[in-house]
Amino acid sequence: MKDFLFRKAQLSDVPILVEIYMKKLLKDFSWDITMQKMFQERYKESIPRLMKKETLVVYLAYQQETLVGMAEIYIWGKEIAEEEATLSSIYVLPELRENNMIKQLFFMLLQEAKKRNCTVIKTLANGNREQLYQLGFQDTYDEEGNGLSNGMELKISLKNFKNML
């Protein structure tokens, strides 16, 4: 994609990530200034810690100097869920969604998960099921075969990589 730059977030990006996380938090919750400051401090501490451990992986998309998209995944170790990752979010400005940018960002996350021997990526479908189906996700089911309301997962295989390109 010409005119767009995609890159993995670095520790120097933590201030912008904290700002984005705070905007997402405040969109969903209206908290007083004390609670906001508490979460901001937690983000300032937890984001770099998780990035250093490579548990949190974030890719950023820029058009010229403007941040236009991001995608984040949590890659769990054996202490939580070995060979599993959780797609936390993919966001692209609405006016740029037709540029295949969501697929490009997702493919980068998929590569990271594959490098770390993940075989499953899980996520919650919060109103965007169709996009997740297009990326290869399927509904998840419990042991009795009952569909879980928002749960979706993707089994990682070479087929996924071929379909992304």
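1. A convenient place to enter this predicted model is one pair of residues, since Ala 61 has Gly 69 in strand β3 as its bridge partner. That pair belongs to a longer ladder, in which strand β2 (residues 56–63) and β3 run antiparallel and are joined by eight bridges. The two strands form a hairpin with two residues between them, and Gln 64, in the turn, has a positive phi of about 55 degrees.

2. Strand β3 also pairs with strand β4 (residues 84–92), again in the antiparallel sense, and here the pairing extends over seven bridges. Within this second pairing, the residue of β4 that serves as bridge partner of Glu 72 is Ser 89. Eight of the ten residues of β3 (residues 66–75) are buried, that is, under 20% relative accessible area, and the strand is therefore largely enclosed by the rest of the structure.

3. For the wider setting, the protein chain contains five helices and seven strands, and from the N terminus on its elements follow the order β-α-α-β-β-β-α-β-α-β-β-α. Of the 165 residues in the chain, 41% are buried. Among contacts with a separation of 6 or more, 57% are between residues 24 or more positions apart.

4. The largest nonpolar core has 26 residues, and those with the most contacts inside it are Phe 6, Ile 73, Leu 87, Met 101, Leu 105, Ile 121 and Phe 137. At least two residues of this core come from each of β1 (4–8), β2, β3, β4 and α3 (101–115), with α3 giving the most, namely eight residues. Leu 87 may be taken as an example: leaving aside residues up to four places away in sequence, its contacts include Glu 72, Ile 73, Phe 106, Leu 109, Ile 121 and Phe 137. Apart from this core lies another, of 19 residues, among them Tyr 21, Phe 39, Leu 50 and Leu 56.

5. The reader may also wish to look at the largest pocket, which has a volume of about 1,200 Å³. Its lining consists of 36 residues, and those that lie nearest its centre are Lys 24, Ser 88, Ser 89, Ile 90 and Tyr 91. Two or more lining residues are given by each of α1 (14–28), α2 (33–52), β3, β4, β5 (120–124) and α4 (129–134). By residue type, the lining divides into 21 nonpolar, nine polar and six charged residues. Ser 89 thus links two of these points, being the bridge partner of Glu 72 and one of the residues nearest the centre of the largest pocket.

How values were computed
Residues numbered from 1 in each chain as written. Predicted model: local features only at pLDDT ≥ 70, side-chain atom pairs only at ≥ 80, totals over all residues. Heavy atoms only, no water. Buried < 20%, exposed > 50% of the residue type's maximum accessible area, 1.4 Å probe, protein only. Helix = DSSP H or I, 4+ residues; strand = E, 2+ residues; numbered from the N terminus. Pairing = 2+ DSSP bridges. Core = buried A, V, L, I, M, F, W, Y, C linked by side-chain atoms within 4.5 Å. Contact = heavy atoms within 4.5 Å. 1 Å grid on protein atoms, 1.4 Å probe; cavity = no way out; pocket = protein on both sides within 12 Å on 5 of 7 lines; lining within 4 Å. Points joined across faces, edges and corners; volume = space filled by probe spheres on them. Nonpolar A, V, L, I, M, F, W, Y, C, P; charged D, E, K, R; others polar.
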